[in-house]
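Here is a short report on a protein model. It covers the packing inside and the main open space.

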Amino acid sequence: MTEDDQGRIEQFEMECFQIVAQVGSARSCYLEAITRAEEGDFDAAQRLIEEGNQMFNAGHDVHMEILQREARGEQLSFRIILLHAEDQLMSAEAFRILSEKFIAVYRHMFAS
């Protein structure tokens, strides 16, 4: 393996870790948003959703760049970390959807 190959692998792994870190933080924001909504603090819940969305989008952007490089023909070495990163990405997206639903339910409950 050349030094250039090793450098590309290390860059790829760092990108995967970026995805994991960004979407993990997003998921935490989404969960905290549910807690704030449960307490009736809908402004804080909305701020957390927006903060989570920024983090999620940052992770999603890195993921899309990896996919685009592969689509252009770049050979990417498969690493289990990419699978983990993609799993975390999809998990965060599910948490975002659920947190928005929970907040809507709590808004309805507090309005009644």
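## Pocket and core

The lining residues of the largest pocket split into three nonpolar, three polar and four charged. The model is predicted. The volume of this largest pocket is about 160 Å³. Its lining consists of D5, R8, I9, Q11, F12, R69, E74, Q75, L76 and S77. Helix α1 is the top contributor to that lining, with five residues.

R69 deserves a closer look. This lining residue sits in helix α2. Is R69 buried or exposed? R69 counts as buried because its relative accessible area is 8%, and the cut-off for buried is under 20%. Leaving aside residues up to four places away in sequence, R69 touches Q11, F12, E15, E74 and L76. Q11, F12, E74 and L76 also appear among the pocket-lining residues.

Next comes the nonpolar core. The largest one holds 26 residues. Within it, C16, I19, V23, A33, A37, F56 and I103 touch the most other members. Three helices each supply at least two residues of this core:

| Helix | Residue range |
|---|---|
| α1 | residues 3–38 |
| α2 | residues 42–71 |
| α3 | residues 80–111 |

Of these, α1 gives the most, with 11 residues.

Which residues does A37 touch, not counting residues up to four places away in sequence? The contacts of A37 are F42, A45, I103, Y106 and F110. I103, like A37, is on the list of core residues that touch the most other members.

Definitions and conventions. Residues numbered from 1 in each chain as written. Predicted model: local features only at pLDDT ≥ 70, side-chain atom pairs only at ≥ 80, totals over all residues. Heavy atoms only, no water. Core = buried A, V, L, I, M, F, W, Y, C linked by side-chain atoms within 4.5 Å. Buried < 20%, exposed > 50% of the residue type's maximum accessible area, 1.4 Å probe, protein only. Helix = DSSP H or I, 4+ residues; strand = E, 2+ residues; numbered from the N terminus. Contact = heavy atoms within 4.5 Å. 1 Å grid on protein atoms, 1.4 Å probe; cavity = no way out; pocket = protein on both sides within 12 Å on 5 of 7 lines; lining within 4 Å. Points joined across faces, edges and corners; volume = space filled by probe spheres on them. Nonpolar A, V, L, I, M, F, W, Y, C, P; charged D, E, K, R; others polar.
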